[in-house]
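Reader: I've got this assembly open on my screen and I'd like to know what's behind the labels people put on it. Can you take me through them one by one?
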Amino acid sequence: MNERVREILGWYGSDNPGTLANLWRLMNTGRLAGTGRFVILPVDQGFEHGPARSFAPNPAGYDPRYHFDLALAAGCNAYAAPLGFLEAGAAEFAGEIPLILKLNNSDTLSGGKDPCPALTGSVDDALRLGASAIGFTIYPGSAARNEMYQEIRDLASEAKRKGLAVVVWSYPRGSVLSKEGETAIDVVAYAAQIACQLGAHIVKVKPPSAHIEQDAARKVYEKERIPIGTLAERVRHVVQSSFNGRRIVIFSGGESKDTASILDEVRAIHDGGGFGSIIGRNSFQRPRAEALAFLRQVMDIYAGKK
Amino acid sequence: MNERVREILGWYGSDNPGTLANLWRLMNTGRLAGTGRFVILPVDQGFEHGPARSFAPNPAGYDPRYHFDLALAAGCNAYAAPLGFLEAGAAEFAGEIPLILKLNNSDTLSGGKDPCPALTGSVDDALRLGASAIGFTIYPGSAARNEMYQEIRDLASEAKRKGLAVVVWSYPRGSVLSKEGETAIDVVAYAAQIACQLGAHIVKVKPPSAHIEQDAARKVYEKERIPIGTLAERVRHVVQSSFNGRRIVIFSGGESKDTASILDEVRAIHDGGGFGSIIGRNSFQRPRAEALAFLRQVMDIYAGKK
Amino acid sequence: MNERVREILGWYGSDNPGTLANLWRLMNTGRLAGTGRFVILPVDQGFEHGPARSFAPNPAGYDPRYHFDLALAAGCNAYAAPLGFLEAGAAEFAGEIPLILKLNNSDTLSGGKDPCPALTGSVDDALRLGASAIGFTIYPGSAARNEMYQEIRDLASEAKRKGLAVVVWSYPRGSVLSKEGETAIDVVAYAAQIACQLGAHIVKVKPPSAHIEQDAARKVYEKERIPIGTLAERVRHVVQSSFNGRRIVIFSGGESKDTASILDEVRAIHDGGGFGSIIGRNSFQRPRAEALAFLRQVMDIYAGKK
Amino acid sequence: MNERVREILGWYGSDNPGTLANLWRLMNTGRLAGTGRFVILPVDQGFEHGPARSFAPNPAGYDPRYHFDLALAAGCNAYAAPLGFLEAGAAEFAGEIPLILKLNNSDTLSGGKDPCPALTGSVDDALRLGASAIGFTIYPGSAARNEMYQEIRDLASEAKRKGLAVVVWSYPRGSVLSKEGETAIDVVAYAAQIACQLGAHIVKVKPPSAHIEQDAARKVYEKERIPIGTLAERVRHVVQSSFNGRRIVIFSGGESKDTASILDEVRAIHDGGGFGSIIGRNSFQRPRAEALAFLRQVMDIYAGKK
Amino acid sequence: MNERVREILGWYGSDNPGTLANLWRLMNTGRLAGTGRFVILPVDQGFEHGPARSFAPNPAGYDPRYHFDLALAAGCNAYAAPLGFLEAGAAEFAGEIPLILKLNNSDTLSGGKDPCPALTGSVDDALRLGASAIGFTIYPGSAARNEMYQEIRDLASEAKRKGLAVVVWSYPRGSVLSKEGETAIDVVAYAAQIACQLGAHIVKVKPPSAHIEQDAARKVYEKERIPIGTLAERVRHVVQSSFNGRRIVIFSGGESKDTASILDEVRAIHDGGGFGSIIGRNSFQRPRAEALAFLRQVMDIYAGKK
């Protein structure tokens, strides 16, 4: 199975061995080790949505150590969180599971139609906490996007020099986009492409809908008859849009929903050639035993067992 | 009693021994030494509200040495102030009481609905003045919040490297919040969470009211039946929102009021598991003897004597 | 033939031997080696227009390696692209063909009449990827032009210190310009001059129309009877406007069109003394064999064979 | 078994989670994963003794990849080598096995009785190559020892800040020591102590003989009746001399010798509480199959299987 | 009693409040808190003399935590040690007792008549470990003394800027001095003066003998009839030589000897106005209970109780 890992590492020929080793680590941890597939636990909702909205459904999650343990017990590839959450458990769980330090975050106390996250961590923080990668959110479509692109340019360059991997959350958002447009297939594929062009090793996007937002794009989708009827087809298009599948693209779970519909979504991601899922609320807002069973099902799909 | 101090230090496993020693110092000073509880004297009102509004009620407070002496005589854990006030007494009182250098401050000569404090001190100032911690104010909700978050990111990282502790004043404020919303339970809990995620060792918030500001939050509070009826319950929720009680959260006294109502508030903070109070105007605006008696009463509550 | 190359290098007397060597490399690669003429393949449309609009017509282009190979097989002087595309092939094709790293890019998810590209790469990225030059887009006419001019000031200065060449895409755009004005002869000539004054070694502009945008300019064009009737004359005027032909000026192909009209355009550029073409969509959106045949025709014109 | 790993990590309370994670990695790799025991493959003899003396006995070893593969196939905890050897395989074997970058090395073309190795790598090299630790040789007893101590002071401080572990080879050598004295029990124990005091996480020394070199030491060994009759006793004394066993001490294999005598030595190291062996020439100078069988025997002893 | 502490702090008017606070801390810790007297536990003998010579008499001392605990239990003012020993306990004992990080150390594997210690720690190490002071050894009389003086010039300047105190061990040694001369009254007084002139806050010297080493000095001692007949007189002369008593001078215990003779020495130091003792081997080489009893006797003398 490590052949697949080696194949994937082969796509990152410009990176130094330190970064490759951290990508290797992300791919050789947990129940999906060696498959080139990913299930990552992200917990930045405390910052992004507030504590009660995030943790009241399963109060064990107020404790930062809970999420390290959950990711570990579930066999995730990695655990991603902001500075404070990682600082509160990185020593206790040192080495047990690859960490991704989110370097920027948005809160929802203040809003705005063209958001820009705040920088909340540094590459050197990632080194001292033993993280394997930095995480960074961009909002393509926001009037403030240039600021984000320039920040990730600098942070990614520093991270690569210091042997870390770069994970980019690419979430279209901004006053020029309709709400529906944020997950439109043309927009999500574009967002994935932008993240790749910015130098991301791993890109995270939302599962795309069949909606097309941009007129200029619609002409091409229609003319070239790009298949986007099913989620699997749309995932395939997003993967193709990510350097023809030569960058790792994973998909977020979004708001908590019922298990069956998530598993359907995961099957479609798997069928479309997606590399995996990053599942936050649907994991940590369930009771631990239920979350573990649920994540096992997700991983079984990616492992081709179901 | 030092068992409790050691237990608390155990929550900060990512920190170096220098920072741990300064946290130890804050917890082993004054009448509450060894209890893991805090009463801190902050005097930044000269900067924030102007001298007459701050010191005319008790003119002794115009003299910077007065506050060192008051904190010391009262048996506070620490004294917090801006650069100038600390410079004016730090040599004379060197070593007598842990100092917290406030690194940013706002004046009220100029206003605005989305405030951002000015940087008024540095980590190296804290070292040369012998402070144990830096203090920093963030205004979650302000349109300028990103600037503050990025400043504390850099200052906290430097402070931790140099062995200092980090105290964050987290005061929701901004054009998107109603006046009532600034102390709403959902907003205060969120503000505490943000400070923790930004890497604060000690968080200071205002005592929360039962008001809920955000619709998205209200649904959760109602659905999960989070108890917020009494101040003690609300304090408990804020403490839980601070990494499940694994970060030190203290509460401000707010505007000066009558002694009885403050002591009631302190009792509720104590009952709710809050770690202590930071009491400025209610201390230094009273005559010295009265202030000492008052602070003794507050400390007795935290010490479990009343 | 190297006499011509030496002559051209003689125009850049302020540059250090490292930069001269990279200019030499650009002029001594491919089918036009030694002629002082250029055909460059640029592929930044994935970032600028989105993946489907760029690559669906010829899906092989989703793969970043395709473009390295195309430029190489066609005998181009260089291949220009943003960070991600170069990172995805620079090791595999190391040394095979000179690279130009585009340091800024715009996406079209968000718009505005006065655009400013985001910084997406650095001079140090160019060094580590083995690029011969940096590429940078300015929008003269945009209200945000000063920001771009200052960025290229800094980046060009750094690139020259580190021995790289500087290629400036100069595209007039902004709320003060009519759509027609963006390619007006006075405006294009002015844009070329600005790029030269900013220190570009190589300037890229669009083929100019006979329209004159600015009243103040029109008076002079009429009074001095500057010949602008044919494209060749207009090209000659642009070349003259680029330090009397002592800076390399190349012309973009623009939107994809039929082969015959492009070849006519190329002949005019050649006749007018233009140094070459930079042809993106008209190359990579055709099937590979067709693209190679087409580029061969273009090069033959510049080589004086047709 | 991870209890033992956690116990050992507990000895390094001043270190950040990054360094702890790398120590964890060293202890959770290979056949001895989780035991707190180590077998490390070091190959710096090419630099230290020249290629023919090092690799002619088993010419496969001329190839840098051979040693990565050997360490991996044998189930070693880590592979240690100078810059060039690591550069020549770190990408191909990225992630497969923890690496230790030797930051200084001596050649034997030039000699001298008071040697000082040259600095041949940096902490940033270790990061870009994905190493888990830096390695550094000191020669206590050399007239040039101060230079080495000051170098490791700076390098260890930087490595710890950047989340790496520090391995110190402590080899007494110098004009004041007799040849026999270099492995004298008093001198080896002293050398281990010095490495610990310099901040090493892992110390490597040679197996000590029963010889006592220093008169001042002899008095104490005799007076306190320190048992040094057997190798196991001497190992125990060295471990005790390494912060009472709270630092990891491993032992080198020295010159190649017959298998039986090495295994006897390993048994004594194990019985004396040593943490493991670092075995170079006795591994890579044998044919691969023989080396693997040999290392398996060594590991079985440390695993308590024999 | 704090009056005495304030008086002593008054001698250091050039120092910033950070350094004063650390001096205050050294003077307000342990059984002699507030007296202006000092008993400090130094344990650098592991580095200076080797582990067996240092710890075999009381093997508990091999464990670095033993000395933190001993200093604490005995009520010492501070514990001084090299980097490794402090790293191995600084987190566990964070805050409990002021630490002095020895920044240079000599081993006795290699000798020489004109020794120079190696730099083994930095001021930033002191900050991250939470130390109150740096310690540094100079050997006045050594041919290498200039190197040491210049090192302490730089380190002391940095330590003072960062709020730390500076303790200088001043031990005359070198080829120009007779063995007897190393403790001669003229030489010790001179060594104390040099340390003060180099900017030390606290100076440590050996108890001086009545021997006079330098002819030029002898003439003055005789002419001016400087009383040096008793140890108390000689201590008084050394204190006078340390800026007329306006610098803290403490005396080392030297080799382990019988309790009575040490206590006599301590009485003489106390009678002569010495500020205290720094007692290593005589403390940690005794069984714990005995050491505690012994140190209590020493402290009682300094406290004026005996």
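Author: Sure, and let's start with how two of the chains meet. Of the interface residues of chain E, 100% are also interface residues in chain B, so the copies meet through the same surface. Keep in mind that this is a predicted model.

Reader: What makes the relation of chain E to chain B that of a two-fold axis?

Author: Look at the superposition: chain E goes onto chain B by a rotation of 179° with 0.0 Å of shift along the axis, at an RMSD of 0.1 Å. That is why we speak of a two-fold axis here.

Reader: And how many residues does each of these chains bring to the contact?

Author: Chain E puts in 20 residues and chain B puts in 20 residues. On the chain E side, the elements giving two or more residues are α2 (17-27) and α7 (123-129). The largest share comes from α2(E), with six residues. Sorted by class, that side of chain E has ten nonpolar, six polar and four charged residues.

Reader: Now chains A and C. Why are these two copies said to be related as by a five-fold rotation axis?

Author: Chain A can be laid on chain C by a turn of 72° and a shift of 0.9 Å along the axis, with an RMSD of 0.1 Å. The two copies are thus related as by a five-fold rotation axis. If you want a landmark in chain A, the C-alpha nearest the axis belongs to A:Glu147, 11 Å from it.

Reader: What does the contact between chain A and chain C consist of?

Author: Here 37 residues of chain A are in contact with 33 residues of chain C. On the chain A side, two or more residues each come from α8 (145-161), α9 (185-197) and α10 (215-223). The one that gives the most is α9(A), with eight residues. By class, this side of chain A holds 18 nonpolar, 14 polar and five charged residues.

Reader: Let's go inside chain C. Which strands make up the closed barrel?

Author: The barrel has eight strands, in the order β1-β2-β3-β6-β7-β8-β9-β10, with parallel pairing. On average, neighbouring strands are turned by 25° against each other, direction ignored.

Reader: How do you know that β1 and β2 of chain C count as a pair?

Author: Pairing takes at least two bridges, and three bridges join β1 (residues 38-42) to β2 (residues 78-81) in chain C. So the pair β1 and β2 meets the cut-off, and the two strands run parallel. For a spot to click on, C:Leu41 stands opposite C:Tyr79 in β2(C).

Reader: Which strands does helix α9 of chain C touch?

Author: Helix α9 (residues 185-197) packs on the sheet and touches β6 (133-138), β7 (165-170), β8 (202-205) and β9 (248-252) of chain C. Its direction makes about 155° with that of β8(C). Angles over 145 degrees count as roughly antiparallel, so α9(C) and β8(C) are roughly antiparallel.

Reader: Why are α11(C) and α12(C) called oblique?

Author: Helix α11 (residues 231-241) and helix α12 (residues 259-271) of chain C pack at an angle of about 45°, with their axes 7 Å apart. Roughly parallel would need an angle under 35 degrees, and roughly perpendicular runs from 65 to 115. The two helices α11(C) and α12(C) are therefore oblique to each other. Their crossing is right-handed. The contact involves C:Leu231, C:Ala232 and C:Val235 from α11(C), and C:Glu265, C:Ala268, C:Ile269 and C:Asp271 from α12(C). By class, that contact has five nonpolar, no polar and two charged residues.

Technical notes
Residues are numbered from 1 along each chain as its sequence is written. Chains are lettered from A and ligands numbered from 1 in the order in which they are written. This is a predicted model: local features need pLDDT of at least 70, side-chain atom pairs count only at pLDDT 80 or more; totals for chains, interfaces and linings use all residues. Copies are superposed by least squares on the C-alpha atoms of residues with pLDDT of at least 70 in both. Two residues are in contact if their C-beta atoms, placed from the backbone, lie within 7 Å. Helices (H or I, at least four residues) and strands (E, at least two) are DSSP runs, numbered from the N terminus. Ala, Val, Leu, Ile, Met, Phe, Trp, Tyr, Cys and Pro count as nonpolar, Asp, Glu, Lys and Arg as charged, and the others, Gly among them, as polar. Axes are lines fitted to C-alpha atoms, for helices over the stretch in contact, and angles run from 0 to 180 degrees between N-to-C directions. A crossing is left-handed if the near helix is turned anticlockwise from the far one by less than a right angle, and right-handed if clockwise.
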